[in-house]
Amino acid sequence: MPFEFTRLEIPEVVLISPRVFEDSRGFFMETYKHTDFAGAGINDRFLQDNHSRSFEKGTLRGLHYQAEPRSQAKLIRVVRGSIFDVAVDIRPGSPACGRWVSAVLTDRGKEMLYIPRGFAHGFCTLEEDTEVIYKCSDVYSPEHERGIIWDDAAMSIEWPVEDPTLSERDSCWPGLEEACAGAGRETRP
């Protein structure tokens with residue numbers, strides 16, 4: 001099988017290692033194959049691809065999610081550099097609501113992280129000039145866009161940086177409590 005699927009501490013979040021074929025020319029790998037992913041229980045249909053580039057080490061993007069009915073599953077991979085990638089369970093009623101899991105993703109390791117619907121997602125760059133590509137199971141919807149402040153003490157995420165480079169928007173999101181109480185609401189914060 002071209003992929004190895006490893007479930008993290010919150011088992012709905014899956015670390016995926018592709019099989020890589022390398023020779024003197026470079027490498028080849030499959031980055032997504034619906035039949036293999038479905039065989040591992042990942043049945044999402046991905047509708048949008050996004051590509052971000054961060055110039056500085058310590059750039060933090062997130063924690064983002066979309067409210068129902070436009071929630072998104074994501075499949076994240078790094079094509080240049082490395083990131084500390086985080087998924088926070090915000091599913092109301094989930095025994096793991098408010099808990100987070102993380103993985104380090106690198107261009108060298110070529111691993112990917114699958115994050116299902118009902119999770120907030122964010123990452124911090126570990127190197128300068130880092131590029132991330134990710135698939136989404138629904139298209140971007142500004143009216144459903146939400147976020148959680150990155151440093152909310154209720155989560156105690158062990159970010160690899162104390163003073164990250166943030167967008168203005170990412171420095172103003174509400175806390176975890178609001179997300180867990182209303183992840184499905186359709187009103188803007």
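How many salt bridges does a search of the whole structure find? The search turns up 14, and three of them get a close-up below, along with a sheet and a pocket. Keep in mind that this is a predicted model.

**View 1. Six strands line up in an open sheet.** Reading across the sheet, the order is β1-β2-β10-β7-β12-β5, and the pairing is antiparallel. The edge strands are β1 (3–7) and β5 (48–54), and each of these pairs on one side only. Going from one strand to the next, the twist averages 25°. If you're new to sheets, here's the basic idea: strands pair through backbone hydrogen bonds, either parallel or antiparallel.

**View 2. Here we zoom in on strands β2 and β10 of that sheet.** Strand β2 covers residues 14–18, and strand β10 covers residues 112–115. The two pair in the antiparallel sense, over three bridges. Want a spot to start looking? Find Ile16, then look across to β10, where Met112 stands opposite.

**View 3. This is the largest pocket, with a volume of about 370 Å³.** How do you spot empty space in a protein? Rolling a probe the size of a water molecule over the atoms shows where it is left. The lining of the largest pocket is made up of 24 residues. Lying nearest the centre are His64, Lys74, Tyr134, Glu145 and Arg169. Several strands chip in: β5, β6 (60–66), β11 (119–125), β12 (130–136) and β13 (145–147) each give two or more residues to the lining. Which element provides the largest share? That's β6, with five residues. Sorted by character, the lining has seven nonpolar, eleven polar and six charged residues.

**View 4. Glu9 and Arg99 join their side chains in a salt bridge.** The distance from N to O is 3.2 Å. These partners come from distant parts of the chain, 90 residues apart: Glu9 sits in the loop between β1 and β2, and Arg99 in the loop between β8 (82–89) and β9 (100–106). Is Glu9 buried or exposed? Glu9 counts as exposed, because its relative accessibility is 65%. Arg99 has 35% relative accessibility, so Arg99 counts as partly exposed.

**View 5. Arg117 forms a salt bridge with Asp44.** Their closest N and O atoms are 3.9 Å apart. This pair, too, links distant parts of the chain. Look for Arg117 in the loop between β10 and β11, and for Asp44 in the loop between α1 (34–39) and β5, 73 residues apart. Arg117 is partly exposed, with a relative accessible area of 36%. What about Asp44? With a relative accessibility of 12%, Asp44 counts as buried, because buried means under 20%.

**View 6. Arg80 and Asp129 meet in a salt bridge, side chain to side chain.** The N to O distance here is 2.7 Å. Arg80 belongs to strand β7 (residues 74–80) and Asp129 to the loop between β11 and β12, so the salt bridge ties together parts that are 49 residues apart in sequence. Arg80 counts as partly exposed at 35% relative accessibility, and Asp129 counts as partly exposed at 22%. There's a bit more to look for in this view: salt bridges that share partners join Arg53, Arg80, Asp129 and Glu131 into one network.

Technical notes:
Residues are numbered from 1 along each chain as its sequence is written. This is a predicted model: local features need pLDDT of at least 70, side-chain atom pairs count only at pLDDT 80 or more; totals for chains, interfaces and linings use all residues. Side-chain values use heavy atoms; hydrogens and water are left out. Two strands pair if DSSP finds at least two bridges between them. Helices (H or I, at least four residues) and strands (E, at least two) are DSSP runs, numbered from the N terminus. Axes are lines fitted to C-alpha atoms, for helices over the stretch in contact, and angles run from 0 to 180 degrees between N-to-C directions. On a 1 Å grid over the protein atoms alone, a cavity is a set of points where a 1.4 Å probe fits but cannot get out, and a pocket is an open set with protein on both sides within 12 Å along at least five of seven lines; lining residues have an atom within 4 Å of a point. Grid points are joined across faces, edges and corners, and a volume is the space filled by probe spheres set on the points. Ala, Val, Leu, Ile, Met, Phe, Trp, Tyr, Cys and Pro count as nonpolar, Asp, Glu, Lys and Arg as charged, and the others, Gly among them, as polar. A salt bridge is a side-chain nitrogen of Lys or Arg within 4 Å of a carboxyl oxygen of Asp or Glu. Buried means under 20% relative accessible area, exposed over 50%, partly exposed in between (1.4 Å probe, protein chains only).
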